[in-house]
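Got the viewer open? Here is a short walk through the model, one selection at a time.

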Amino acid sequence: MNGYQLYLKKYSQKYRIITWDGHLSTLQKALSQNKSPVDILLLNEKIAEQACNLGLLIAFPEDLLSSNDKQCNFQTITDHITLAWDTDKVHFNPTWKDFWNITQYPGKRGLQKDAFSALSIALLADDVPFDEVTEVLSTPTGILRAFKKLNQLRPYIVWWTTPNEANFLLHKNQVLMTSGSILSISAFQKQYPLSHFQYQYKNTIENPIVFSIPATIPTQRIKLINSLLQHPSFLSFPSADPKQIMQETIVKEETNSFQQPTVSLDDIFDEWLVLTKQ
């Protein structure tokens with residue numbers, strides 16, 4: 001997925017590394033021809049879950065699962081969505097509340113086009129304590145509160161869908177501040193040491209990324225690919241949870257936290273995007 005290439009660079013001589021936009025529709029189109037352009041996919045966990053349910057990814061054998069839920073995540077890396085800013089224009093460490101302060105700090109804001117990430121950040125900006133965000137967002141009142149806050153920022157939002165898009169929004173001076181991936185920003189700063197932006201370690205949103213295998217892979221290759229994924233040397237990603245990231249400042253999405261049996265938070269968010277022409 002675009003934004004994590006640096007961590008896979010050491011495999012580029014032995015394997016062909018292809019970047020992609022991380023969109024479910026892109027994966028569906030690539031696999032619709034019944035052939036796999038790649039052996040291993042790096043996806044956002046939420047996209048991987050959708051792709052798994054659609055049968056686009058290889059699922060674990062049922063006897064290896066402790067539940068009836070389908071699972072296609074062969075390896076998981078924990079990344080975090082954080083606040084990043086243009087250090088040429090912002091000379092202090094801003095908070096999510098400052099992120100919403102367009103009057104004092106005018107300019108566009110980048111946000112991940114993801115329901116949990118965007119709405120959690122909106123609640124953090126609305127003074128909800130980090131350890132209460134998930135609980136608040138599990139109630140109708142909390143969801144309305146989050147959307148009300150997000151509406152305040154709506155005219156200034158530039159949406160991004162892949163980590164590298166967020167990096168380039170700052171790099172090309174298209175936004176003053178943005179949410180962004182800690183792993184991807186760290187890699188980007190190594191590639192562009194003169195980049196004029198910084199990020200913080202507090203009040204981050206947990207953002208798991210996973211390695212999965214396309215469903216169109218020939219059966220005889222699956223065992224070989226899985227062995228590679230399980231090899232300790234394969235995971236060259238550093239931890240996105242350094243000492244600076246205090247465990248108590250991370251907002252985590254709880255799978256069963258939402259009391260929405262028929263309409264998911266993602267569905268509500270998608271409808272809001274349509275209604276507001278985002």
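Start with the sulfurs: this predicted model holds one disulfide. Select cysteine 52 and cysteine 72, and you'll find them joined with an S to S distance of 2.0 Å. Look along the S-S bond next: the torsion there is about 70°, so the disulfide is right-handed. Now colour by secondary structure. Cysteine 52 sits in helix α2 (residues 45-53), while cysteine 72 belongs to the loop between α2 and β2 (75-86), so the bond ties together parts that are 20 residues apart in sequence. Buried or exposed, these two cysteines? Switch on a surface: cysteine 52 is buried, and cysteine 72 is buried too.

**Into the core**

Next, pick Leu150, Trp159 and Phe269. In the largest nonpolar core, which has 49 residues, these three touch the most other members. Which helix gives this core its largest share? Select α4 (residues 115-125): nine residues of the core come from there.

Stay with phenylalanine 269 for a moment and show its surroundings. Leaving aside residues up to four places away in sequence, Phe269 touches Lys113, Asp114, Ala115, Ala118, Phe147, Leu150 and Trp159. So two of the names you just clicked, Leu150 and Trp159, turn up again in that list.

Apart from this core lies another one, of 15 residues. Select Leu41, Leu43, Ile47 and Cys52, which are among its members. Cys52 is already familiar as one of the two disulfide cysteines.

**Two helices crossing**

Now hide what you like and keep helix α7 (residues 163-171) and helix α8 (residues 182-191). Their axes come within 9 Å and cross at roughly 50°. That angle makes α7 oblique to α8, and the crossing is right-handed. To see what makes the contact, show side chains: α7 brings Pro163, Asn164, Asn167, Phe168 and His171, and α8 brings Ser184, Ile185 and Phe188.

Which residues of α7 are buried? Select Pro163, Asn164, Ala166, Asn167, Leu169 and Leu170. Then bring the neighbours back, since there is plenty to look at: the buried residues of α7 pack against β2, β3 (109-112), β4 (157-160), β5 (177-181), α8 and β6 (197-199).

**Just past α7**

Follow the chain onward from α7 to asparagine 173, whose phi is positive, near 60°. Most residues other than glycine have a negative phi, so this one deserves a click. Asn173 lies in the loop between α7 and β5 and is partly exposed, with a relative accessible area of 44%.

Glutamine 174 is in the loop between α7 and β5 as well, and at 43% relative accessibility it counts as partly exposed. Setting aside residues up to four places away in sequence, Gln174 touches Lys108 and Leu169. Try the distance tool here: the C-alpha atoms of glutamine 174 and arginine 109 are 8.6 Å apart, although 65 residues separate them along the chain.

**Last stop**

Where is aspartate 127 found? Go to the loop between α4 and α5 (133-136). Asp127 also has a positive phi, near 70°, and is not a glycine. With 52% relative accessibility, aspartate 127 counts as exposed.

Technical notes
Residues are numbered from 1 along each chain as its sequence is written. This is a predicted model: local features need pLDDT of at least 70, side-chain atom pairs count only at pLDDT 80 or more; totals for chains, interfaces and linings use all residues. Side-chain values use heavy atoms; hydrogens and water are left out. A disulfide is a pair of cysteine sulfur atoms within 2.5 Å. Helices (H or I, at least four residues) and strands (E, at least two) are DSSP runs, numbered from the N terminus. Buried means under 20% relative accessible area, exposed over 50%, partly exposed in between (1.4 Å probe, protein chains only). A nonpolar core is a set of buried Ala, Val, Leu, Ile, Met, Phe, Trp, Tyr and Cys residues joined through side-chain atoms within 4.5 Å. Contact means heavy atoms within 4.5 Å. Axes are lines fitted to C-alpha atoms, for helices over the stretch in contact, and angles run from 0 to 180 degrees between N-to-C directions. Angles under 35 degrees count as roughly parallel, over 145 as roughly antiparallel, 65 to 115 as roughly perpendicular and the rest as oblique. A crossing is left-handed if the near helix is turned anticlockwise from the far one by less than a right angle, and right-handed if clockwise.
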